[in-house]
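Trainee: I'm new to this model and don't want the whole tour yet. Please pick one part, look at it closely, and then tell me how to place it in the rest.

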Amino acid sequence: MIEKKFKTLDEQIDILKNKGLKITDVRYTKEVLLRENYFFINGYRHLFVNKDRTFKQGTTFEELYSLFLFDRALRNIIFKYLLVIENNLKSIFSYQLSKKYGYKEKDYLKNNNFTTAPEKQAQLNDLLRKMKRQIRVNGSQHTATQHYASNYGYIPLWILVKVLSFGIISELYQVLKPEDQKEIASIFGIEVDTLIVYLPILANYRNLCAHEDILYENKTQKEIDDTIYHKILGIEKEEGDYIYGKRDLFALVIIMKQLLQAEDFKNMTIELDNIIQTLNYNLHSISIDKVFKRMGFPLNWMDLAKIERSSDK
């Protein structure tokens, strides 16, 4: 096994130069490498390198760093609107379930409030244990839960959801009674099976953003079904399957189109376009089209904001 040895900033720059990367400002490059860590280059070099792993002619350090900064800004925007969706879902879940089953944990956490499907019982029991544990842990640590536990002796679901992870909310939907699943899905104008697919994808992207993983080229294990948006945008097909908007970042954008309010989605697309235009200005050795392809974005992606939700019916 080859041992990886420590490299000084000067040595790191020499390596980059030997691989064909153009360094125009050594002091600036050193400052970036010190702050961001040399390792970031490995995650963002793919669009800029040849098959032999040398950089394409004319590629500058500033270009490479601009893609890194673009992805950071992209995470911040996507994360902000994922939090909006998360809050909306938690509010809707707590309202619908509290209305039907009560607002005290001894009422809303009863097993018979959930699915009776035999294959779901192990998952249901595990989920209820997680939720009860959150009540025990956060009852004295979280301000809102502590207030209700101390003053009222119970924690209503609309307070409990504040401390539940997106992952738990995703699991919760899967073990609801079919009629409750349908009522919640109908609020967003989508089918139950569709929301079941969407929720874990959203939860995974939320975690990815929170942990600052690479976002722009991320691919999910599960793909989303074809939507009316794929058709209206005229996304190209290969062997009968859409090439964009299935397992890529654009698939997430399509999901968010269906779950966000129209004004929120419009604002998100404007923010995304602003950082895309900035990146486009900073690219010289490659075109923005290559970034779009990596993201799964069709060139007319912004038209998604103009499509009325009624078209989804």
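Mentor: Let's follow one helix, H9, starting from a single residue, Ser170.

A word on reading this first: the model is predicted, so local features need pLDDT of at least 70 and side-chain atom pairs count only at pLDDT 80 or more, while totals for chains, interfaces and linings use all residues. Residues are numbered from 1 along each chain as its sequence is written, and side-chain values use heavy atoms, with hydrogens and water left out.

Find Ser170, which sits in helix H9, residues 166-174. (Helices are DSSP runs of H or I, at least four residues; strands are runs of E, at least two; both are numbered from the N terminus.) Is Ser170 buried or exposed? With a relative accessible area of 4%, Ser170 counts as buried. (Buried is under 20%, exposed is over 50% and partly exposed is in between, using a 1.4 Å probe and protein chains only.)

Now see what Ser170 leans on. Setting aside residues up to four places away in sequence, Ser170 touches Leu199 and Pro200, a contact being heavy atoms within 4.5 Å.

Ser170 has plenty of company in being hidden. Because seven of the nine residues of H9 are buried, the helix is largely enclosed by the rest of the structure. Trace them along H9 and you'll pass Phe166, Ile168 and Ile169, then Ser170 itself, and after that Glu171, Leu172 and Tyr173. Notice that the buried set isn't made of one kind of side chain: Phe166 and Leu172 are in it, and so is Glu171.

Next, step back along the sequence to Leu160. This residue belongs to another helix, H8, which covers residues 157-160. Leu160 is buried too, and its relative accessible area is 0%. Leaving out its neighbours within four places in sequence, Leu160 has contacts with Tyr108, Met131, Gln134, Ile135 and Ile155. So put the two side by side: Ser170 is buried at 4% and Leu160 is buried at 0%, with Leu199 and Pro200 touching Ser170, and a list including Tyr108 and Met131 touching Leu160.

Leu160 also makes a handy ruler. Pick out Glu217, which is 57 residues from Leu160 along the chain, and you'll find 34 Å between their C-alpha atoms. For scale, the C-alpha atoms of the chain fill a box of roughly 65 × 45 × 40 Å along the principal axes.

With that in hand, here's the bigger setting. H8 and H9 belong to a chain with 15 helices and two strands. Over its 313 residues, the buried share is 47%, and Ser170 is one of those buried residues. Among contacts in the chain with a separation of 6 or more, 69% join residues 24 or more positions apart. The contact of Ser170 with Leu199 and Pro200 gives you an actual pair of partners to click on while you think about that.

Finally, look at the outside. The accessible surface comes to about 16800 Å², and carbon and sulfur atoms own 48% of that (areas are Shrake-Rupley values with a 1.4 Å probe, with only the protein chains shown as cover for residues). As for charge, the chain carries 46 positive and 41 negative side chains, with the centres of the two sets 4 Å apart. (Lys and Arg are positive, Asp and Glu negative; His and the chain ends are not counted, and each charge is placed at NZ of Lys, CZ of Arg, CG of Asp or CD of Glu.)
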